[in-house]
Amino acid sequence: MRQTKRVGAHSLRNKFAFPVIFLTVLILAAFNGFKTWQLITRENNDLQAKSTRVADLASLALQDSVWNYNTEGIMTGVDALLRDETVSSVRVMDQNGNRLAFREKGEPAHRAENRIVTERNIVRDGEIIGTVQIAITNDFARKRIQADWTQAVMEILFIGLLLFAVIFFTSIRVTQPLREMTERADEIAGGDLDARIKVVTHDEIGLLAERFNLMAEKLSGLFSDIHEAGDSIAHAARDFLMSSEETRSIAQEISSVGPSVTNLPDGMALPAISGRFRPLHRLSAEEEELLDSVPLNLSMLTDRFLRLISLFKSR
């Protein structure tokens, strides 16, 4: 029996599953990238807005302390600003650029490369009496973005694996009957006309399996008819050969008695010779007409025997 060729990488499952999974993961990754870009933009805008807002509030809160050079009041205001976890440092200077107060946080999250700095003038009665500089870290926002990105990647992997599982088991259900049809077709090609497919579904695959079984039954019936016709032809050929041999032997006997027929009296019958022709069922109509005309007178019999001999010799 011919073995079914393994399709391997060219199987329907591989042609369908992997492109769908790849395209789905690509779309999800692009969507997640766009979402992350929006998140980064929003976080940066929020940090910049917060830095501006805190600087504006600090310039208003420190007006009196800077105007009066109240160092204790300035430090109290600076400490209040540093209670916000996102504020990394606060610097206060007078109108001449002299530092009045400076405080900063030393944690890694508040390193200089992570800071967004905003500076505002401290104004009283329309006069600039100093400046306040506020630095806000973006480390917390970056960690939130990383956490969201990690979660999104996990979601993409989960969706990809789930989609792969769904496509895998669905493709098994679709391709298994097709694989079985291929195996049964190989069995039929190898001569097993009784091979059939078990129909377990009533969908398009089940309908295809029913049509396959119907085709196999018709092929089996066709080959049975061909075998029967072959047997009939072989039997007819054997009968023809047997009748041909018997006809040849009779023709030889007639040929051997032909010269002595002229010595028979007129009106004499030839029952012995005539009886030899009765078993022949496959003679031509002309031969049967000649053999059925017994008894005959001598002249007619001689003429018909000579014609009969010429007919047998011409076959």
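## Helix H1 and a surface patch

Ile-27 is a residue of helix H1, the helix that covers residues 12-61. In this predicted model, Ile-27 has a relative accessible area of 52%, and because exposed means over 50%, Ile-27 counts as exposed. Together with Phe-22, Leu-23 and Leu-26, Ile-27 forms a nonpolar patch on the surface, and the accessible area of these residues together is about 430 Å².

## The chain as a whole

The protein chain contains eight helices and four strands. Followed along the sequence, these elements come in the pattern α-α-α-β-β-β-β-α-α-α-α-α. The chain has 315 residues, of which 31% are buried.

## Helix H3

Helix H3 is made up of 12 residues, residues 71-82, and at 1.5 Å a residue it should span 16 Å, which agrees with the 16 Å that separates its end C-alpha atoms. The buried residues in H3 are Ile-74, Met-75, Val-78, Leu-81 and Leu-82. When H3 is seen down its axis, these buried residues fall within an arc of 120°, and therefore they line one face of the helix.

The N-terminal end of H3 is capped by Asn-70, which places a side-chain oxygen 3.3 Å from the backbone nitrogen of Glu-72.

## Salt bridges between separate elements

Side chains of opposite charge can pair when their charged atoms come close. Across the whole structure, a search finds 11 salt bridges, and the pairs described here are among them.

One of these pairs is formed by the side chains of Glu-43 and Arg-144, with a distance of 2.9 Å from N to O. Glu-43 belongs to helix H1, while Arg-144 belongs to helix H4 (residues 139-189), so this salt bridge ties together parts of the chain that are 101 residues apart in sequence. As for how much of each partner is accessible, Glu-43 has a relative accessibility of 12% and counts as buried, whereas Arg-144, at 43% relative accessibility, counts as partly exposed.

Another pair is the salt bridge between Asp-64 and Arg-124, in which the closest N and O atoms are 2.6 Å apart. Here Asp-64 sits in helix H2 (residues 63-67) and Arg-124 in strand E3 (residues 115-124), so the pair ties together parts that are 60 residues apart in sequence. Asp-64 is partly exposed, having a relative accessible area of 45%, and Arg-124 also counts as partly exposed, with a relative accessibility of 25%.

## A network within helix H4

Helix H4 also holds a salt bridge between residues of its own, since Glu-187 and Arg-184 both lie in this helix, three residues apart, which is about one turn of the helix. In the salt bridge that Glu-187 forms with Arg-184, the closest N and O atoms are 2.9 Å apart. Glu-187 is buried, with a relative accessible area of 16%, and Arg-184 is likewise buried, with a relative accessible area of 14%.

This pair belongs to a wider set of contacts, as Glu-180, Glu-183, Arg-184 and Glu-187 are linked in a network of salt bridges.

Key: Residues numbered from 1 in each chain as written. Predicted model: local features only at pLDDT ≥ 70, side-chain atom pairs only at ≥ 80, totals over all residues. Heavy atoms only, no water. Helix = DSSP H or I, 4+ residues; strand = E, 2+ residues; numbered from the N terminus. Expected span 1.5 Å × (residues − 1). Buried < 20%, exposed > 50% of the residue type's maximum accessible area, 1.4 Å probe, protein only. Arc of directions from axis to C-beta. Polar contact = N/O pair within 3.5 Å; in protein donor to acceptor, adjacent residues only side chain to side chain. Patch = residues over 30% accessible without salt bridge, like charges linked within 9 Å, V, L, I, M, F, W, Y side chains within 5 Å. Areas by Shrake-Rupley, 256 points an atom, 1.4 Å probe, with all protein chains shown as cover. Salt bridge = Lys/Arg side-chain N within 4 Å of Asp/Glu carboxyl O.
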